[in-house]
Amino acid sequence: MTRVTVRFAGGLELLVGGRKRVDVHLPPAPSATAVGVGGGGAPPPPPAPAPAVVGDLIAHVRAEVITERHDAFATAADAGVRPGILVLINDVDWELEGTTAAALADGDVVSFISTLHGG
Amino acid sequence: MMVPPDPPLAAPPSAANGSLALGLPPADAYTPANLPPESISRYSRQLLLPVFGPTRQIALSSSRALIIGCGGLGCPAALYLGAAGVGHLALADRPGDVVEVTNLHRQVGHTTDRVGVEKAESLAIAVRAINPLVNVTVVDGSAFAGGDRPGGATAEALVAAYDVVLDCTDNVAARYLINDACVLGGVPLVAGAAVGTDGQLTVYNWEASAVDVARPPTGSPATPVVGTLLPPRKSSRVCLRCVFPVPPPPSCVGSCDTAGVLGPVPGVIGVLQALEAIKVLATPAAVAAAPDDPAAPAPGVPLPPSGAAAAAGLTVLARRMLLFDGADGAFTTVTLRPARPDCAVCSPARTVTSTAGVDYAAWARGKPRAATAAPPVAVAAEGAAAAVPRSTDVDTASGAPAAPAGSCSVVPFQPSALPPHLPPAWRLPADAFAATYFTPAGAAATLLVDVRPAAQYQLCAVPGSVNVPVDGFAAAVPDLATRLIGGKDAGEGAAAIRRMVIVCRRGNQSRVAVAAARGAGVEAVDIIGGLAAWPGFPAY
């Protein structure tokens with residue numbers, strides 16, 4: 001379980017009922033749970049959980065947090081988010097962190113910001 | 001022997017004439033040749049600032065800035081840049097884009113008595129009134145609206161005449177066109193945007209100094225940029241396409257015209273654009289360009305100077321983006337990625353080598369080329385937008401959408417980017433319908449359904465209409481259908497059936513609703529052009 005804060009801005013907050021910050025408890029990555037069903041004897045030590053990555057978070061947010069117009073956040077087939085959304089991990093462009101493969105830690109703040117074009 | 005009298009205390013010889021009369025040198029004998037006496041007084045408060053001072057004022061006063069878009073961002077940017085004493089300020093907007101009364105709450109360079117005046121002309125009047133020392137010119141913004149004109153200069157040729165460009169436009173196509181022009185022309189670009197209560201600001205095509213991006217990435221150190229086989233570029237000079245290589249879908253673009261905007265929000269961003277431009281321009285030209293990727297610039301393309309401003313305490317907002325949340329009163333500055341190794345316009349692997357012949361409007365709609373280009377719509381746009389569709393929903397009498405509807409990730413949501421095409425028999429002209437609606441028989445025979453968002457309905461509405469916002473319209477059709485039966489004034493023996501007439505703001509969403517109603521078996525019709533075409537209905 002990884003606890004991260006998700007920020008929505010630039011209009012994306014309207015996809016989540018107007019909430020600009022949402023605390024998300026991210027389930028362990030599938031790779032961490034699929035291992036370790038032992039036979040008799042002492043249970044094997046639990047495997048080190050694979051850290052959740054931003055790709056997991058996007059899928060989770062799309063499925064569990066977004067309440068309307070899900071494709072305006074990400075399409076189901078996307079590995080990332082739709083074009084025009086800036087993704088930040090602790091206020092740094094996710095391109096600097098490995099995009100969808102960036103590992104998340106408790107307390108991280110991941111921001112999804114729709115770019116604006118009005119003026 | 002005559003002794004000259006002391007000069008009268010009440011009238012010190014401040015004017016040059018007075019000095020000469022006393023045999024003293026003129027006022028400009030006391031100042032550098034390129035900082036005339038009137039500048040000393042006018043700019044004294046910024047000249048007193050150690051981080052700015054006369055050197056930077058001289059650089060600013062000999063520099064040239066181009067503001068594209070004379071609306072909510074362009075007005076404050078021009079007023080402050082002009083007041084600060086930029087040497088030459090060029091103002092560009094789409095020819096024919098005139099001041100409207102709906103602009104005045106935020107476009108503070110315009111005035112009520114200049115409604116109907118071209119925006120660039122109106123703003124030039126305002127800047128000249130503040131500072132007659134600035135050379136203010138009005139530039140034809142057609143080239144930035146995506147319209148190639150035979151014999152006309154390309155956008156990159158136009159911007160190359162300036163030391164900085166401020167993107168104050170209001171639509172996706174113009175923003176990418178201006179970005180490409182600035183990269184190809186070698187000009188730094190101060191890009192601002194605002195909608196609703198949110199604003200964003202960054203400076204593209206300017207080398208970010210080490211100071212600018214001092215904050216290291218969190219997480220693992222030295223994480224490589226993944227997803228590409230090209231080596232990372234050394235350049236910190238990023239452009240719009242580095243950060244957003246693909247334009248957003250039209251259905252996710254909001255505009256001030258449809259989503260609304262609080263006036264001070266673009267005001268804040270426009271003022272900050274002026275500040276960033278001043279920092280860029282005040283960098284002395286003698287400072288050489290910082291080394292970039294050796295292969296990045298095209299031959300002959302100049303690189304703007306960079307880096308020096310940061311060294312002296314003025315840090316340009318390059319490779320960072322400022323986010324303004326006006327609803328919460330919060331500013332955040334975030335670090336952007338470095339230059340994209342395969343950027344389509346600023347990398348050695350570039351595919352965009354000229355803006356000429358590129359249909360940016362079609363590209364922003366998700367089509368590489370428009371096979372049949374939509375005709376330009378004769379509507380006023382805030383930004384430089386002629387052939388570029390503005391991001392608002394504009395109906396045409398033909399029923400063919402000439403511009404993407406203003407559906408957006410900012411309110412109001414709209415189900416589709418392009419409303420359906422309806423046969424002419426399903427559509428009514430607004431003026432003829434209004435004339436019959438306001439007769440007793442006409443009203444009794446009609447169920448007028450207004451599908452605008454509730455906030456707009458509360459603003460102004462046709463008497464007797466009912467409000468069912470388009471988002472929930474399809475679900476409400478069965479209930480509405482029951483209200484079609486039993487019109488109270490139905491004559492004896494006549495079928496007491498009322499007709500469902502659907503109206504919206506401009507005649508786009510009403511088509512969506514008509515299609516939904518007819519899908520449910522209700523033979524609804526809509527009003528061509530919506531309430532905007534309704535005679536006497538308040539314009540907003």
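Two residues are in contact here if their C-beta atoms, placed from the backbone, lie within 7 Å. Keep that in mind for the exercises, and remember that this is a predicted model.

**Exercise 1. Work out how many residues each chain brings to the contact, and what chain B's side is made of.**

Start with the head count: chain B supplies 50 residues and chain A supplies 31. Next, look at which elements of chain B give two or more residues to the side touching chain A: they are α8 (172-185), β5 (189-195), β6 (198-204), β7 (320-325) and β8 (330-335). β5(B) gives the most, with four residues. Finally, sort that side of chain B by class: you get 26 nonpolar, 18 polar and six charged residues.

**Exercise 2. Find the residues that touch the most other members of the largest nonpolar core, then follow one of them outwards.**

The core holds 128 residues, and the ones touching the most other members are B:Ala65, B:Ile67, B:Leu81, B:Leu91 and B:Val165. Its largest share, 10 residues, comes from α8(B). Now pick B:Ile67 and skip its neighbours within four places in sequence: what's left in contact is B:Gly74, B:Ala77, B:Ala78, B:Leu91, B:Ala92, B:Leu166 and B:Cys168. There's also a second, separate core of 28 residues, with B:Ala434, B:Leu448, B:Val503 and B:Ala517 among them. As background, nonpolar side chains in soluble globular proteins tend to be buried together.

**Exercise 3. Place strand β12 (residues 499-503) of chain B in its surroundings and explain why it is largely enclosed.**

Begin with burial: four of the five residues of β12(B) are buried, so the strand is largely enclosed by the rest of the structure. Then check one partner, strand β10 (residues 446-450) of chain B, which pairs with β12(B) in the parallel sense over five bridges. B:Val449 has B:Ile502 in β12(B) as its bridge partner. Now take strand β13 (residues 525-528) of chain B: it runs parallel to β12(B), joined by two bridges. Here B:Val501 has B:Val525 in β13(B) as its bridge partner. Last step, add helix α18 (residues 509-519) of chain B: β12(B), this helix and β13(B) make a right-handed β-α-β unit.

**Exercise 4. Decide whether A:Gly119 is buried or exposed.**

First, locate A:Gly119: it sits in the segment after β5 (109-114) of chain A. An unreviewed UniProt entry annotates A:Gly119 as "modified residue: 1-thioglycine". Now count: A:Gly119 has 33 other C-beta atoms within 10 Å. The cut-off for buried is 20 or more, so A:Gly119 is buried.

Note on methods
Residues are numbered from 1 along each chain as its sequence is written. Chains are lettered from A and ligands numbered from 1 in the order in which they are written. This is a predicted model: local features need pLDDT of at least 70, side-chain atom pairs count only at pLDDT 80 or more; totals for chains, interfaces and linings use all residues. Ala, Val, Leu, Ile, Met, Phe, Trp, Tyr, Cys and Pro count as nonpolar, Asp, Glu, Lys and Arg as charged, and the others, Gly among them, as polar. A nonpolar core is a set of buried Ala, Val, Leu, Ile, Met, Phe, Trp, Tyr and Cys residues joined through C-beta atoms within 7 Å. A residue is buried if 20 or more other C-beta atoms lie within 10 Å of its own, exposed if 12 or fewer, and partly exposed in between; C-beta atoms are placed from the backbone. Two strands pair if DSSP finds at least two bridges between them. A crossover is right-handed if, with the strands pointing away from the viewer, the path from the first strand over the helix to the second runs clockwise. UniProt positions are given in the numbering used here, feature names are shortened, and annotations may be inferred rather than shown by experiment.
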